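Thanks for coming. I will take one residue first and then work outwards to what surrounds it.

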Protein chains: 2
Amino acid sequence: MKKQWYGEAFKLGVLGGGQLGRMMIQSAMNYDVHVYVMDASKTAPCGTLAYEFTEGDIQSYDDVINFGKDKDVLTVEIEHINVEALEELEKQGVKVFPQPRVLKLIQDKGLQKQFYQENNIPTAPFHLIENEAGLEKYTSELPFIHKMRKGGYDGKGVAVIKTPEDFDGAFDVPALIEDKINFTKELSVIVARNEQGEVKSFPVVECEFSEELNLVEFLFSPADISPALEQKASNLAKELIEKLDMVGLLAVELFLTEEEDLLVNEVAPRTHNSGHHTIECNYVSQFEQHLRAILGLPLGDTAIKTAGVMVNLIGEKNFEGPAKYEGMEELMKMSGVYVHLYGKSTTKPNRKMGHITITDQDIEQAKIKARKVQEVIKVVTF
Amino acid sequence: MKKQWYGEAFKLGVLGGGQLGRMMIQSAMNYDVHVYVMDASKTAPCGTLAYEFTEGDIQSYDDVINFGKDKDVLTVEIEHINVEALEELEKQGVKVFPQPRVLKLIQDKGLQKQFYQENNIPTAPFHLIENEAGLEKYTSELPFIHKMRKGGYDGKGVAVIKTPEDFDGAFDVPALIEDKINFTKELSVIVARNEQGEVKSFPVVECEFSEELNLVEFLFSPADISPALEQKASNLAKELIEKLDMVGLLAVELFLTEEEDLLVNEVAPRTHNSGHHTIECNYVSQFEQHLRAILGLPLGDTAIKTAGVMVNLIGEKNFEGPAKYEGMEELMKMSGVYVHLYGKSTTKPNRKMGHITITDQDIEQAKIKARKVQEVIKVVTF
């Protein structure tokens, strides 16, 4: 008989207690899946909502082992986890999804790029370098993007190098440099795979980046692309998750070039900012899909119910302290507008405090509403 | 400046920790409203999900006072609360919504009926009786419905009296008897009102009762009624919440007679089983609307996004013990089918263990899917 995955008898462990874990708990409640969370801080977004919360460091071997050893399935909501501990837990029989070897690969952007190369996954040309001094060799290829191999997150650890003057003060750690792609759009596909090998991808979305914040500013679903391109992006994501032989959710960020080629930019082996709209816009949300995938359950229908735009709710510049959501009541008067606050008590500049999904049968109307939403609401302090 | 209603600075207290509270928490998470819950049992559906959980008896004056005294707003997810304690808390400055005087009225079905009579709200003709012996006087009016004035819940405390032989063994407590209405449909309207006096009602739904369980078996949204009748039912619900001068959510159960008249059957001053479909089917859910109403926020758009059917997930007869959801995986393969388990670890016959909402653009298709859902899933034991 298949092991029970709901109720008292089953423990799902989540490493990391941020907003992705919080929305996973919100989804897990519908299936009575008991979610145990470990994070360094009890005031993390999952703090009081986890079935049981453990204070611990996700980078510490001992903390991860101690937390994970009595869990039935272990998953992550951030990829910067102590992988050696996850490998040991896997040996001990704990199911760890995504698998530690996948996390290891994805934690290192150098290995990630090499994997694409070896598996004929289209990606921007690149070179690996050991440190800042390594940049000199590639002066003839300027301008290029400089990325730390490890530890980057939310736009940190990525810089544009335009001239040799920029070498000075660049990251002095193992890194990669890659061609700056002249893309026409940034797209994202979220794909899921369960242990049985079932694979389903969500429809492609289009991300509008804020150059200033180096963060997704708007996300549009569906993307404004041809059916052929939609199919191609979906196939690429499916190919990737299968070649990774991964169980769980994989967010695949793509560049669409002027020549209508798709290049894989980066992947994240977890729920992702580019899938938040699925809560309201698709038959199954990315959070429920992730749970289905890692629990060995049938994957849900990813089809679109309604068009939508997602806007990140970011701490305003020059405000640091207890969060105040100015304009919230005006926002709440708008129909088809869904607020998701992450339960962070203090705001600081550019901190992701929540997101808002704007739905409309017509994507163009949703875009108009989204611009208005962005004008109305501001995260400041009291 | 208006008091903050999210984050650390604000405490929302909920009396009762059942499924209605659980779904309220799920909704409150989106707005970072901190929900404190009191219930007799830590294993209640809200047990581990509340921001803070207090073990206490909702019928105990002291427990309610102790729990309520430091809350900013106090609400209920069941109406059988110690009202004297709520009245005292209200005097002390705690906002209690629904107001204690409304709860007092609604806790007593006799007072409820008198209120309808005094306010020209159409309802079935009735008499109040003191005890079982009081039934004799109305033999000429048989058959009739016999309802305990206080303490009834989920079909308990209600009986059909057909012949004088049924008098023996009938409830021997203060009760009311009312005409058995030959209704063609049972309808329900959920209406909300905030402190500012804003009032909004959800579209009318149709309930298909199970005679056997004395529980809603299917709920259909929208109801299959004329626009004129829809308007009439909506107006009646609005009139009622205004005459009650109530803040919060009010579920109004209506009989539609053969003459196309609407009669108020009963009301509940809280979120209600007949509004569960709103989570997926309407722009705002009843749980968020309740929060908006009691927090003095703008009410949300109640319009229908998609047609739907709600089915209660009830413990099968002859099974008592750790809950097993047979057929769950087959169910999860169906598109537009949403599972809500309530986190109750043990099942027993007729216990409400969860509900399932089946959505479809076409209500007739949703009904077909709902019958299939009902065949597929069974709550049994391991």
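**A lysine and its sheet**

Let us start with A:K147, which lies in strand β7 of chain A. Keep in mind that this is a predicted model.

Is A:K147 buried or exposed? Its relative accessibility is 5%, and buried means under 20%, so A:K147 counts as buried. Leaving out residues up to four places away in sequence, A:K147 touches several others, among them A:K109, A:E178, A:N265 and A:E266. Those four also appear, together with A:K147, in the list that an unreviewed UniProt entry gives under "binding site".

Take A:E178 next. This residue sits in strand β9 of chain A and, at 4% relative accessibility, is buried as well. Beyond its neighbours within four places in sequence, A:E178 is in contact with A:K147 and A:N265, and also with residues including A:K113, A:F126 and A:F144.

Now the sheet. Four strands of chain A make an open sheet, ordered β6-β9-β7-β8, with antiparallel pairing. Why do β6 and β8 of chain A each have one side without a neighbour in the sheet? They stand at the edges and have a single partner strand each, so one side is left free of a neighbour there. On average, neighbouring strands in this sheet are turned by 25° against each other, direction ignored.

Strand β7, residues 144–148 of chain A, pairs with β8(A) over four bridges, and A:F144 stands opposite A:I161 in β8(A). Helix α5 of chain A, residues 109–118, packs on the sheet and touches β6, β7, β8 and β9 of chain A. The direction of this helix makes about 145° with that of β6(A).

Conventions. Residues numbered from 1 in each chain as written. Chains lettered and ligands numbered in written order. Predicted model: local features only at pLDDT ≥ 70, side-chain atom pairs only at ≥ 80, totals over all residues. Heavy atoms only, no water. Pairing = 2+ DSSP bridges. Helix = DSSP H or I, 4+ residues; strand = E, 2+ residues; numbered from the N terminus. Axes fitted to C-alpha atoms, helices over the stretch in contact; angles between N-to-C directions. Contact = heavy atoms within 4.5 Å. UniProt positions renumbered as here; feature names shortened; annotations may be inferred. Buried < 20%, exposed > 50% of the residue type's maximum accessible area, 1.4 Å probe, protein only.
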